[in-house]
Structure formats: C-alpha cells, structure tokens
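Biologist: Could you take me through one part of this model, atom by atom where you can?

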Amino acid sequence: MKAFWMPQSGMGEMTLIVLLVASLVAAVILAFVGDRKIAPAINILGSAATFVASVFLALEVYTGGPMITASGYFFVDAFNVYLSVLTAFVSMTTAIFSRRYMRREREKGKVGRAGMRFYHAMFQLFIFAMLLALLTNNVGILWISMELATLSTVLLVSLYRTPPAVEAAWKYFILCGVGIAQALFGTVLLYFAAERVFGAGSAALLWTNLSQSADKLEPTVLSLAFVFFMVGYGTKVGLVPLHNWLPDAHSEGPTPISAVLSGLLLNVALYALVRCKVLVDGATGSHKAGYIMMVFGTVSILVAAFTILRQKDVKRMFAYSSIEHMGIATFAFGLGGPVATFGALLHMLVHSLTKSSIFFTVGYASQMHSTQDMASIRGLIRGNPFVGWGLMAGVMAIVGMPPFGVFTSEFLILTAAMKDAPVFAVFFLVGLAIAFAGLFRKVIPMVFGPAPDYQVKIRAAHTPVLVHMVIILILGLYLPVFLSDWFHAASKLLVK
Amino acid sequence: MSQHLAAEINSVLSALILLSAFGLLVQRRIYGLLHIFAWQGVFLSISTAVVGYSAGLHHLYISAILTLALKVFALPYILYVLIHKLKIKKEVEDVVNVPTTMLIGIALVIFSYHLTAPIRELSTLVTRSTLAVALATVMLGLLMMITRKKAVTQIIGFLALENGLFFAATSATYGMPLVVELGVALDILIAAFIFGIFFFQIRTTFDSLDLKEMEKLKEED
C-alpha cells in the first residue's frame, strides 16, 4: 500500500515547531511575569502567535497535502489541521475576552495575585497540551497530552476557592483521571495488537502506520480496546453517563475556562476517540464501534436536552447544551458515511465557535448581575444591548436556527440519519426540539424585559463575540471552498 | 534464567500485586495503606525487571527503576509528607461492609479473567497469564475509589489503578515505548503535585478531608 502522505521537511517542520513552542514559551514567560499589567497582553500575544503559526501550517497542508515530520512523531492532515486552527483561534479570542473579564474578577477580589499568575500560565499550557494532542502521530503521546490537558485545567476550575469550585475541581480531577486511565488501558491493548505486526518500539504506536495496516491488527483485541477508548475519551467528551464532571467544572470555573473547555477540550477528546475508531473499524471490518458511538451520542442528546429544562444556573445550562452537541457530533461520527462525517466535522467547528461566544456573553451577563442564577439575570438588552443581542444571536445559532452554521451541520447529519438510521433520527429530532424549547424559554426572559436595579453597567469587549458570530453566520450561508475541500479530505480519511 | 523460571516468578509477583490490591481495599489505617501501596510498587518494579531480563530488553530496566523511584519512594513520600502536614495520620476510616466489598472484588477478578481470555490465547510472552491480573488491579482500584470517602484514600486508589495499568503494559507487551512511559510518569508526577495542592484547598474550604462534605453539586429535583 502506498503512503498517502508526502514526506516533507523544512518549512512545514519549522511551522509545526513554532506552533507548538509558542504557547509553551508564553506559559513559561507568564509564570515569571505573574500578576502584572502586561500579563494579559502577553497572553493575547502568545495565542496570536500560535494562531498565525497554525494558519501557516494549514496553508502548507492545503497546498502540499498531509505531511509527516520529526521522524514520524508528528502528522498533519486535513482532520487535525483544521482543529488546530480552530483551537488556536478560539484560544486567541478567549485571551482577548479574558483580559477585561479577569481584571474585573480580580478587582472584586475573587482571585488573588498568585491566582492570576497561575491562571495565565496554565491557560497557555492548556493550549499547548491540546495542540500536542491534535498534532502528534503517536497514540501514546496523544494519551499523555490529553491527561496534561486535564491536569492543567483542574486547578483553574478551583481558582475561586469557593466550596463548590473546589468540589467541582475534585470531581473533574478524579472522574477525568479515572476515565482517561481507561483510555491508557485501551492504548496498551492497541500496542499489544500492533506489536505483533510492527514489532516493539515507537513505530507500533504511530497512527499513520496503524491506519495503513489496520486490517492486520487482531480484531478481538481492538474491539476490547475500543470499549476502553470509548469509556476513557468518552468521559472527556462528556458523553452521558460519563458526563458528571462537565456541568460542575463549567459552572464553577472562571468563564474564559468554561469557554475553552466547552469549545476546545471536548473537541480534542472527540478527535482522539475518532482517531481510535478509524483503527478499530479497519481491524474489525465491521460497524460495531460506530453503533456504540451512535448509542452514546443519542443518549447524550436526549438526557442533556431533558436536563436543560431543569437548570437554574446559566453556565450549567449551557454546559448541558455542550453535552448535547458533543452527542450530536459523536452520533454523526458513529453513523459514518461521507455526509454524516462531513456534518460532524462542520458541527465541531460551528459548535466550538458558537458555544465559546455564548460563554463570553454569559460571562458578561453574570458580571452585570453578580450571579449566575438565571432567575436574577434580567433585561440584558436594556443594560447592555451588545451583550443582550450577542447572547440572543448565540442561542439562536446554537439551537440550530437558520441562517447560522449549526443549522447547516445539523441538517446534514439529520439527512444522513434519515437515510441510514431512521430510528435514531427520531430520537435525534426529539432531542433537538426539547433543547430548542428549553433554551429559548430560559433565555428570552433574561434578554428582554426591564433591567433590575441591581444590574451594573460594564464595558464588554466586542471583538471576540462579533468575530465568532460573523464567522458562524458566514458558515451558515456559504461554505468556503478551502473548508469544504478540507472536510472532504478529512471525511475520506475517516470513512473507509 | 530460563523462560520457565521467569514465567514462574512473574506469576508469583502478579499474585502478590493482586493480593496487595485486595489489601488496599480493606486497610483502614492511612499508614497501612501507604505501606501496601509501596509494596505493590516493589512487586511491580521487580516484575518489570524480570520481564526485561528474560526478554533481553534493556529499556525495561529503565522503566523498572522509574517505577521504583516513583511508586515506591516519591509518591509514598509525598503522601507521607502531606498526611504529616495535614495532621491526619491518626484518622481511621470506617470501611463499611468488608465482606461485601471483598465479594465484589472477587467478582471483578473473575470478570477480568473472562474478559481477557480471548486475548490471553494470542500472547506468546512469558507473562501471558498476567494481563487478567492487571485488569483486575485496575478494577479493584476503581472499586476502592468508589467505596472510600476520604480524599487521601481515593488518591491511593487512583494510584493503585495506575499501577494496574503499568502492569498491563509490561504483562501484555514488553512495556510501552520509552517516550510514552516517561510521559506517563511525568503526568503521574504532575498529578501528585496537584492532589497535594488539592488536599490543602479541600482542608481550608471544608475543614476536613472527608468527601462527604462535597455533595453539594448535583441536579436538583
């Protein structure tokens, strides 16, 4: 079998190194800078540098095709390069958002000096861990960086040191730690199967090798391994019933962290799961792994949709909405086929942009009212029209109303589901409808109506929300050629 | 050393690892837990070295030394210091329903043997029968985390679970590639610092390391 990537060196490798090193260097600098006025600027600069590097890398992959560098340790193809650009982009806008947001939290005394130092350094380390997870070719390093991504955010969730925050962080630490340990067992089993084909050594864990000769891997071992991958990475994706950590971590952590957890970390975990699924599918030659993912996805959609109805805390509600959307993407990847996979890839992109934008506006809303309780957040449009309309537009996008991008991706997935799995399509639609009703019922009173007297005026950074919403709108109206090319290339890779 | 002898030694060591996993499950005193955990690390380390010797793979010596340093000295020491600083050494935990826990544990071991049976046939290694023990150790670690209600004991359960994973890596295969093992060890070390910080955070916010206090966050009915 001929290799499907072009061995590249020089420029591509340089860009890759810059991309990875930028956030790591920023993390080290920020650890030394600490709580100075300049720290948020360095944070933004570091993320911006990462973003620029990721764009260059994407250009190279777009023109030169998939590449494999650093003696096989890194592999960049259409699937992970678009997620890297997305990760770098959202981390940049989140850094811009967090500048004013965290300054206000600091002024309120919710975070101390040490807390701010820690926050900035760990934010960059988290970005580094996610990029490493995305770009590595070694399934073992993928696991290590997923764990690193958890560890770097655990203490950010408990940043405010309130009892609920500490409890949420402990839950996150233990549940994700245990969950991801299962994924390591899956990795050991995968290596066990691969060693018989490739011999001992790193070659047996390189994804490119594994995917090329997946049909030679022992199917019984890989089926068992997939169960562990599903439980392990599924915990991080936030799939029901492994989702318990997610709403707590999202609601108790600082809002910028909720935005990146929801918008980025869940995507990266799903990416890991899908990479493993490709190998298992290749080995077993059946659709078993796909069915498991479809069931987990559908259950997540339904449970999350019903739970949304009962929420009181605004960030918690949107955390459940994230579970729902991750369920949709998992379901679509499980469904397989070019249309569903295309839809799933698009869905990861639009959900990430929409949900982080929603969290930005929700962050402002809760700062205006000094609470996350939805019953107390009222009259946002009177208090700050930008925040009000921003939240409204975000919610309209996330429930899948046209002309926003989420509509396009959900429509694609639904079309594929109607054709290939009509029974699942029914549950899928029911879930979407319930989430639609639930979110609107809660958000409309928050946005409209008179402003309460305890509402305070704040200055909101417009750029992050505006940029995200414009991109989602564009993606709903028209999919740029380079993006559809990427998604086509990626779905070819994932659908055998 | 002949292959046969290596296989015998490894079987004994795997039995000892399983035994220590059961020991952790029911030990009430915190220092007792630390000792059992350290012993489990010793068995793990020797087993790795034996596999490395019989297969002639030198990188396994490195991971044996790594295990010894991390699981036998560093982690128990960190935990010891934490327990000392937090003044919880006298605390004795009520382990409810020892017989039931043991029975569930035994069921988990049988389940592990059943689950790994088809794979065991495939393995040609001297360690082929030990994969089930590795999985059982992982499961018992999980069980310990479920049944215990103190932060420190949960962490020990978590680390025992990691031991099981490490054992799986050497028993199912001749160890993972060194890069991966080093990375995993680094992650565990970072995790150790994080739970150290956590103990203090939990203590200052809740006045105790009892996780019964931490049941506020849940869905309201």
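How many helices and strands does chain A have, and what can you tell me about helix H12 (residues 314–335) of chain A?

Modeller: Happily! This is a predicted model, where local features need pLDDT of at least 70 and side-chain atom pairs pLDDT 80 or more, while totals for chains, interfaces and linings use all residues. Residues are numbered from 1 along each chain as written, chains are lettered from A and ligands numbered from 1 in written order, and side-chain values use heavy atoms, without hydrogens or water.

Chain A has 19 helices and 3 strands (DSSP runs numbered from the N terminus: H or I of at least four residues, E of at least two). H12(A) has 22 residues and spans 32 Å from first to last C-alpha, close to the expected 32 Å (1.5 Å times one less than the residue count). At its start, a side-chain oxygen of A:Asp313 comes to within 2.9 Å of the backbone nitrogen of A:Lys315. Just after the helix, A:Gly336 has a positive phi of about 70°.

H12(A) is largely enclosed by the rest of the structure, because 22 of its 22 residues are buried (under 20% relative accessible area, 1.4 Å probe, protein chains only; over 50% is exposed, in between partly exposed). Across chain A, 67% of the 496 residues count as buried.

A:His250, in helix H9 (residues 245–252), is buried too, at 0% relative accessible area. Beyond four places in sequence, the contacts of A:His250 include A:Lys315, A:Ala319 and A:Phe359 (heavy atoms within 4.5 Å). A:Ser262 is also among them, and its side chain lies 3.4 Å from that of A:His250 in a polar contact.

Key: Polar contact = N/O pair within 3.5 Å; in protein donor to acceptor, adjacent residues only side chain to side chain.
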